[in-house]
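Biologist: Before we discuss this protein, I should like each descriptive term justified. Please show the model, and I shall ask what supports each label.

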Amino acid sequence: MFKGPIEDRLAIRELHEVYGDGVVRFDAETWGSVWADDADWDFLGMQLKGREAIVEVWLGAMSNFEAVSFQCVPASIEVDGNTATSRCQTQEVLKGKDGTTRMLGGLYTDELEKRDGQWVYTKRAFQVIAEYNPQEG
């Protein structure tokens, strides 16, 4: 469902796109810029608190990859004043430094706030919906 002012929904969509751009370019500054300082991230069962810890874990995870292709499609953006919720479907191709390749379909469930005129993630939860590892047959 999509609700709320189009300007805010567009800004949130662009926030998702900045997130993806940071992933593809392995750019921690860009990727980290979308998070609130006090954000929560449920990443594959890890409960992380605060932008600094979130970026640190992300850098560790990304160090395993030679290249990543990341695409996201907003499935829902609902704005209510200076808060919002969203869901974003992802497709990723992960080329590991060990020569393996994985393909993932995932889902982010988000809570966002508009702070100082900018939308940021205050809470994100990621889950893998489907995965394909060609090495496994």
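Biologist: In what order do the strands form the sheet, and is the pairing parallel, antiparallel or mixed?

Modeller: The model is a predicted one. Its 7 strands form an open sheet in the order 1-4-5-6-7-2-3, with mixed pairing. Strand 1 and strand 3 (46–49) each have a single partner strand, so they stand at the edges and one side of each lacks a neighbour in the sheet.

Biologist: What makes strand 1 and strand 4 a pair, and in which sense do they run?

Modeller: Two strands count as paired if there are at least two bridges between them. Strand 1 (residues 2–3) and strand 4 (residues 65–80) are joined over 2 bridges, in the parallel sense, so the criterion of at least two is met. Within this pairing, lysine 3 stands opposite glutamate 78 of strand 4.

Biologist: How do you know that strand 4 also pairs with strand 5?

Modeller: Strand 4 and strand 5 (residues 83–96) are joined by 14 bridges and run antiparallel. Cysteine 72, for example, has threonine 90 of strand 5 as its bridge partner. The two strands form a hairpin with 2 residues between them, and glycine 81 in the turn has a positive phi of about 70°.

Biologist: What joins strand 2 to strand 3?

Modeller: Strand 2 and strand 3 are antiparallel and share 4 bridges. Since the requirement is at least two bridges, they count as a pair. Tryptophan 41 stands opposite leucine 48 in strand 3.

Biologist: What makes the phi of phenylalanine 26 worth noting?

Modeller: Most residues other than glycine have a negative phi. Phenylalanine 26 is not a glycine, yet its phi is positive, about 55°. Phenylalanine 26 lies in the loop between helix 1 and helix 2 (28–32). Its relative accessibility is 31%, so phenylalanine 26 counts as partly exposed.

Biologist: Where does aspartate 116 lie, and why is aspartate 116 called exposed or buried?

Modeller: Aspartate 116 is in the loop between strand 6 and strand 7. Exposed means over 50% relative accessible area; aspartate 116 has 84% relative accessibility and therefore counts as exposed. Aspartate 116 also has a positive phi, near 50°, without being a glycine.

Biologist: Why is aspartate 8 called buried?

Modeller: Buried means under 20% relative accessible area. Aspartate 8 has 11%, and is therefore buried. Aspartate 8 lies in helix 1 and touches Val79, Lys114 and Trp119, residues up to four places away in sequence not being counted.

Biologist: Why do arginine 13 and glutamate 17 qualify as a salt bridge?

Modeller: The criterion is a side-chain nitrogen of Lys or Arg within 4 Å of a carboxyl oxygen of Asp or Glu. The distance from N to O for arginine 13 and glutamate 17 is 3.9 Å, so the pair qualifies. Being 4 residues apart in helix 1, the two are separated by about one helical turn. Arginine 13 is partly exposed at 36% relative accessibility, and glutamate 17 is partly exposed at 44%.

Biologist: How many salt bridges does the structure hold, and which residues are linked in a network?

Modeller: There are 11 salt bridges in the structure. Asp21, Arg25 and Asp27 are linked in a network of them. Within that network, the closest N and O atoms of arginine 25 and aspartate 27 are 3.1 Å apart.

Biologist: What makes arginine 115 and aspartate 38 a salt bridge?

Modeller: Their closest N and O atoms are 2.9 Å apart, and the cut-off is 4 Å. Arginine 115 lies in strand 6 and aspartate 38 in strand 2, so this pair ties together parts that are 77 residues apart in sequence. Arginine 115 is partly exposed at 29%, as is aspartate 38 at 40%.

Biologist: What supports calling most of the lining of the largest pocket nonpolar?

Modeller: By class, the lining has 19 nonpolar, 1 polar and 3 charged residues. The pocket has a volume of about 330 Å³. Of its 23 lining residues, Phe43, Leu44, Ala61, Phe65 and Glu92 lie nearest its centre. Helix 3 supplies the largest share of the lining, 4 residues.

Key:
Residues numbered from 1 in each chain as written. Predicted model: local features only at pLDDT ≥ 70, side-chain atom pairs only at ≥ 80, totals over all residues. Heavy atoms only, no water. 1 Å grid on protein atoms, 1.4 Å probe; cavity = no way out; pocket = protein on both sides within 12 Å on 5 of 7 lines; lining within 4 Å. Points joined across faces, edges and corners; volume = space filled by probe spheres on them. Nonpolar A, V, L, I, M, F, W, Y, C, P; charged D, E, K, R; others polar. Buried < 20%, exposed > 50% of the residue type's maximum accessible area, 1.4 Å probe, protein only. Contact = heavy atoms within 4.5 Å.
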